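Here is a short walk through a two-chain model, best read with the viewer open beside you. We will begin with the whole of one chain and then look at its parts.

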Amino acid sequence: MNLDDKKIKELTKKAKDIRISIIESLVEAGSGHTAGPLGMADIFTALYFHNLVHDPKNPDWKDRDRLILSNGHICPVLYATMAHAGYFPKSDLKKLRKFGSPLQGHPHREWLKGLETSSGPLGSGLSQAVGMAIAERMNNKNSDKFFYCLMSDGELQEGQTWEAVMLAGKEKLTNLTAIIDRNNIQIEGTTEDIMPLEPLDEKFQSFNWHVIEIDGHNFESINNAIEEAKAITEKPVVIIAYTIPGKGVKEFEGKYEWHGKPPTKEEGEKAIKELRKNFQN
Amino acid sequence: MSDSKKVKMDLNKNLYNKNIEQKSTRQGYGEGLLEVGGKNKNVVALCADLTHSTYTHLFADAFPERFVQVGVAEQNMASVASGMSAMGKIPFISSYAMFSPGRNWEQIRTTICYNNSNVKIIGAHAGVSVGPDGGTHQAIEDIAITRVIPRMTVLSPCDFFEAKKAVLEATKIKGPVYIRLARNNTPVITTEETPFKVGKAQIFYEPKNHAEIGIIATGSVLYNALMVVKELDKEGIGVKVLNLATIKPLDEKSIVQLAKEVKCIVTVEEHQIAGGMGSAVAELLAQKHPIKIEFLGIKDEFGQSGKPEELIKYYGLDQGSIKKVIKNLLK
């Protein structure tokens, strides 16, 4: 889909609003993950407000594209984006991680309409996306539905991920696109210190995937990558999206310490001020 | 005539004949899957490089377009099946029980049960009767690790026909089901006509005189119990035998009723005593009708190589051992 300057401006504003919602919900929850959700806000914005075929008012619509979130811990960005897209009232974002809330600490598909899977334990999302893509091909050979699996780089250390990568390559799943949040951090440090993943592009290529590498904060690049992914035949596609964890708030950016903690009330207020100020400039 | 009397008449007429027909539960699964595959086009099968050992090849050969070979990757198999279920399929995943639900337990818990996916998990080669392959391949923990997961139905058929019917019934359940199968050919205790209902235990032996002991057995070792009680009946010792093919949900009514009739319950299973079928029975009876229970099963140890009959004897599940336990109880 074409992306003009006006649309880019619109998406930029939306991503800013989503980042603010992420911070507000984390402050209210008092626990949760900050770096990943902020880093992936641009990609989620692009998907939900430009690329995905979906209907927030009809989440069970059978002809929708599927977005499968594998690294469930970044759900604050999924929830915030879904709320802004109209799946549920934005006021519900205050219920993140609370007792009885549809916004479970890690997503549960039975608690919130519009979630395709329940996730949290790393490494199983791609397998589920592969299963959906295979089943869809069995159901309809000419289907134009797309299956997007959003993954972290840290979860590539799970063996199951590579079992799924192998199967997708074998099955030539052209309807499957994995988007990896290549932010280089995980709970205890950088990926390359804890368990090096590079050369990541070659790993996927050797399993017969088509690899695209992009700046995960550039809407034009995100859109072009998704368009390219749709055009590729005979292979599944992985978009390795380089992102800055904590993107948008200087205090959080690039620091693995922000992987698994929420901002305090004060840190949150400061962060929101910064996001608003930078957007105006 | 009571229900149980009707059931007994439906058992294999050759049950007490030494030349009783022998067939495996895994073959029953394979034939059952082929049958449901023909009836329901949403049924799909996945296998992790054990298509022939699990008899999934019968389905794969008939419906190649609905079969997915995932390679030696049981964790992926479980989650891929979950994804297929999300698109309306009814996936059957098969492997050896040690690997599925053994190796891939968390994937089954989260991506299948927590997700409430309509996936059927087939664990073949359960129990020590796997034989010479040894302890690595003898799943004797699978009942425990499956029945502990919310939403899971756990079936443990006693023979070829029950296994076949378990597949047909599992297909009708919307949700996760585990079916426990064995490697070897074992006596065909039931017939095509014997009733089978998930959640319904059945009396397979009623003594001439009053029953002093009630045996609750699951899987092919049920046959050993049936042979023993027949002999004991001749000696004037009354033992009733309940076939517990559904371990979850438990048929509370039938178990409590049996416990009320007898002095003592003996559970017989080719599985660890801890967490197994006997434990499930004990959890129920401790609350509803406390009574002495003798547990026959594997006593907190691993399996090992040997002939199936050697191992069944070593672990105290052969006819001689069962008989001895019952006689001791009556002393």
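## Overall shape

What radius of gyration does chain B have, with its 331 residues? The value is 19 Å, which agrees with the figure near 20 Å for a compact globule of 331 residues; the radius is taken over C-alpha atoms, and the globule rule is 2.2 Å times the number of residues to the power 0.38. Along the principal axes, the C-alpha atoms of chain B fill a box of roughly 60 × 40 × 40 Å.

Before going further, please keep in mind that this is a predicted model, in which local features need pLDDT of at least 70 and side-chain atom pairs count only at pLDDT 80 or more, while totals for chains, interfaces and linings use all residues. Residues are numbered from 1 along each chain as its sequence is written, and chains are lettered from A and ligands numbered from 1 in the order in which they are written.

Chain B holds 13 helices and 14 strands; these are DSSP runs numbered from the N terminus, with helices (H or I) of at least four residues and strands (E) of at least two. Of the 331 residues in chain B, 58% are buried. Here a residue is buried if 20 or more other C-beta atoms lie within 10 Å of its own, exposed if 12 or fewer, and partly exposed in between, with C-beta atoms placed from the backbone. Contacts (C-beta atoms, placed from the backbone, within 7 Å) often span long stretches of sequence: among those in chain B between residues at least 6 apart, 79% join residues at least 24 apart.

## Two domains in chain B

The domain assignment splits chain B into domain 1 (3-18 + 194-330) and domain 2 (22-187); such bounds come from an automatic or database domain assignment. The C-alpha centres of these two domains of chain B are 25 Å apart.

Where they meet, 32 residues of domain 1 of chain B are in contact with 31 residues of domain 2 of chain B. On the domain 1 side, the elements of chain B giving two or more residues are helix H9 (222-234), strand E12 (246-248), strand E13 (264-272), helix H11 (277-288) and helix H12 (308-314). That side of domain 1 of chain B comprises 15 nonpolar, 14 polar and three charged residues. In this scheme Ala, Val, Leu, Ile, Met, Phe, Trp, Tyr, Cys and Pro count as nonpolar, Asp, Glu, Lys and Arg as charged, and the others, Gly among them, as polar.

## A covered strand

Have a look at strand E4 (residues 90-96) of chain B, where seven of seven residues are buried. E4(B) pairs in the parallel sense with strand E2 (residues 43-47) of chain B over five bridges, and two strands count as paired if DSSP finds at least two bridges between them. In this pairing, B:Cys47 stands opposite B:Ser94.

E4(B) also runs parallel to strand E5 (residues 120-124) of chain B, joined to it by five bridges. There, B:Tyr96 has B:Ala124 as its bridge partner.

## A helix with two sides

Which residues of helix H10 (residues 252-261) of chain B are buried? They are B:Ser254, B:Ile255, B:Leu258 and B:Ala259. Seen down the axis of H10(B), the buried residues fall within an arc of 135°, so they line one face of the helix; the arc is that of the directions from the helix axis to the C-beta atoms.

The buried residues of H10(B) pack against strand E10 (213-217), strand E11 (239-243), E13 and H11 of chain B. On the other side of H10(B), B:Lys253 and B:Lys260 are exposed.

## Backbone details

Most residues other than glycine have a negative phi, and most peptide bonds are trans. Two cis bonds are worth finding: B:Ser100 to B:Pro101 has omega near 20°, and B:Lys248 to B:Pro249 has omega near 0°. B:Pro101 is in helix H5 (residues 98-103) of chain B, whereas B:Pro249 lies in the loop between E12 and H10 of chain B.

B:His125, not a glycine, has a positive phi of about 60° and is found in the loop between E5 and helix H7 (142-147) of chain B. B:His125 counts as buried because it has 25 C-beta neighbours inside 10 Å. B:Asp300 has a positive phi as well, near 55°, in the loop between strand E14 (292-298) and H12 of chain B. With 8 C-beta neighbours inside 10 Å, B:Asp300 counts as exposed.

## Where the chains meet

Finally, 23 residues of chain A are in contact with 24 residues of chain B. Helix H5 (125-139) and helix H6 (159-171) of chain A each supply at least two residues of the chain A side, and H5(A) gives the most, with eleven residues. By class, the side of chain A that touches chain B has ten nonpolar, eight polar and five charged residues.

Note on methods:
Two residues are in contact if their C-beta atoms, placed from the backbone, lie within 7 Å.
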